[in-house]
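Reader: Hey, I've just opened this one and I'm new to it. Can you walk me through what I'm looking at?

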Amino acid sequence: MVTVPAAQLRVLPPDLALRHAVLAEPLSVALHAVHRAGDVRGKRVLVTGAGPIGCLVTAVLRHRGAAEVVVSDLLDMPLSIAAASGATATVRADDPGADAWAGVFDVAVEASGAPAGLRTCVERVRRGGTVVLLGLLPPGEVPLLGNIAVTRELQLRGAFRFDTEFDEAIGVLAEGLPVEAIVTPTLSLAESRAAFDTAHDSFSLAESRAAFDTAHDRTVASKVLLDLRTHA
């Protein structure tokens with residue numbers, strides 16, 4: 001038996017499907033990142049990394065009134081999920097000549113946890129623009145385009161986990177935030193080993209959420225659900 005403090009319990013809205021409600025915690029992370037970005041209404045935003053967190057950030061940005069949300073990734077399946085989550089355009093990170101890169105961005109959210117993603121964000125935001133660092137980068141020193149940040153007066157803002165956004169996340173999900181495509185696949189309790197194998201191969205608790213997004217096989221899964229109500 002597990003005892004949970006009453007303050008940590010939430011009553012879910014009756015019309016909120018459980019398969020969507022389980023995203024409340026990662027959605028809180030996405031909400032916190034968008035809060036850190038400031039007012040995004042009418043702005044052009046870049047999201048680097050189309051893992052579950054990047055796709056949730058995309059959905060939140062559109063919900064908050066961003067005029068354009070361009071999402072980049074190295075794989076086609078995550079980009080298709082980003083499109084279903086509200087991206088106005090998607091682009092392969094290894095295709096620098098794609099039309100979606102044209103112009104500059106007001107805000108960029110780095111959700112891949114990769115140095116190349118951070119470089120892309122810093123290089124492609126406008127003068128005075130904002131870069132939100134959401135994905136934790138690899139251990140050790142990572143090259144930073146400091147001179148660009150200085151001469152173009154960029155704002156670099158970190159976003160770590162979440163603070164008070166959990167209740168907001170439940171409310172946004174109940175309003176119908178487009179998250180259905182992010183939940184792939186759902187496996188039964190009897191398939192728990194397969195669920196964990198699908199979710200990741202080398203993830204450890206010391207790694208960031210963004211590192212998890214890049215560690216598991218994103219060609220076949222995004223956010224893997226284990227349904228504890230089923231036994232066969």
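Author: Let's start with β1 and β2, which pair in the parallel sense over 5 bridges. One residue pair to look for is V45, which stands opposite V69 in β2. Keep in mind that this is a predicted model.

Reader: OK, and how many residues of strand β2 are buried?

Author: 5 of the 6 residues in β2 (residues 68–73) are buried, so the strand is largely enclosed by the rest of the structure.

Reader: What does β1 do with β4, and how many bridges join them?

Author: β1 and β4 are joined by 4 bridges and run parallel. T48 is a handy marker there, as it stands opposite E110 in β4.

Reader: And which residue is the bridge partner of E110 in β5?

Author: That's L133. So E110 has T48 opposite it, and in β5 its bridge partner is L133.

Reader: How many bridges join β4 to β5, then?

Author: 5 bridges join β4 (residues 105–110) to β5 (residues 125–133), and the two strands run parallel. Another spot to check is V109, which stands opposite V132 in β5.

Reader: Is β4 largely enclosed or left open?

Author: Largely enclosed, because 5 of the 6 residues of β4 are buried.

Reader: Let's zoom out. In what order do the strands of the sheet come?

Author: The order is β3-β2-β1-β4-β5-β6, which makes 6 strands in an open sheet with parallel pairing. β3 (89–92) and β6 (155–158) stand at the edges with a single partner strand each, so one side of each has no neighbour in the sheet. From one strand to the next, the twist averages 20°.

Reader: What about helices? Which strands does α5 lie across?

Author: Helix α5 (residues 115–124) lies across β1 (44–48), β4 and β5, and runs at about 150° to β5.

Reader: Which residues of α5 are buried?

Author: In α5 the buried ones are G117, L118, T120, C121 and V122.

Reader: Any reason they'd be spaced like that?

Author: As a rule, an α-helix has 3.6 residues a turn, so residues three or four places apart point the same way.

Reader: Fair enough. What do the buried residues of α5 pack against?

Author: They pack against β1, β4 and β5, and also against α6 (146–151).

Reader: New topic. Where is A59, and is it buried or exposed?

Author: A59 is in helix α3 (residues 52–63). With a relative accessible area of 2%, A59 counts as buried, because the cut-off for that is under 20%.

Reader: What's A59 in contact with, leaving aside its neighbours in sequence?

Author: If you set aside residues within four places in sequence, A59 is in contact with S85, L177 and P178. P178 is 119 residues from A59 in sequence, yet their C-alpha atoms are 6.6 Å apart in space.

Reader: What share of the contacts in the chain is between residues that far along the sequence?

Author: Taking contacts with a separation of 6 or more, 68% are between residues 24 or more positions apart.

Reader: I noticed an arginine by a ring. Which ring does R44 lie over?

Author: R44 lies over the face of F105, at 4.1 Å from the ring centre. As for aromatic pairs, the structure holds 0.

Reader: Any odd backbone angles?

Author: Most residues other than glycine have a negative phi. E153 has a positive phi near 50° and isn't a glycine. R161 isn't a glycine either, and its phi is positive at about 55°.

Reader: Where do E153 and R161 sit?

Author: E153 is in the loop between α6 and β6, while R161 is in the loop between β6 and α7 (166–174).

Reader: Is E153 buried or exposed, and what about R161?

Author: E153 is exposed, at 61% relative accessible area. R161 counts as exposed too, with 57% relative accessibility.

Reader: Last bit: how many helices and strands does the protein chain have?

Author: There are 9 helices and 8 strands in the protein chain. Of its 232 residues, 44% count as buried. The chain exposes about 11700 Å², and carbon and sulfur atoms supply 56% of that.

Terms used:
Residues are numbered from 1 along each chain as its sequence is written. This is a predicted model: local features need pLDDT of at least 70, side-chain atom pairs count only at pLDDT 80 or more; totals for chains, interfaces and linings use all residues. Side-chain values use heavy atoms; hydrogens and water are left out. Two strands pair if DSSP finds at least two bridges between them. Axes are lines fitted to C-alpha atoms, for helices over the stretch in contact, and angles run from 0 to 180 degrees between N-to-C directions. Contact means heavy atoms within 4.5 Å. Rings of Phe, Tyr and Trp (its six-membered ring) pair if their centres lie within 6.5 Å; planes under 30 degrees apart count as stacked, over 60 as edge-to-face and the rest as tilted. A charge sits over a ring if NZ of Lys or CZ of Arg is within 6 Å of the ring centre and within 35 degrees of the ring normal. Buried means under 20% relative accessible area, exposed over 50%, partly exposed in between (1.4 Å probe, protein chains only). Accessible areas come from the Shrake-Rupley method with a 1.4 Å probe; for residues, only the protein chains shown count as cover.
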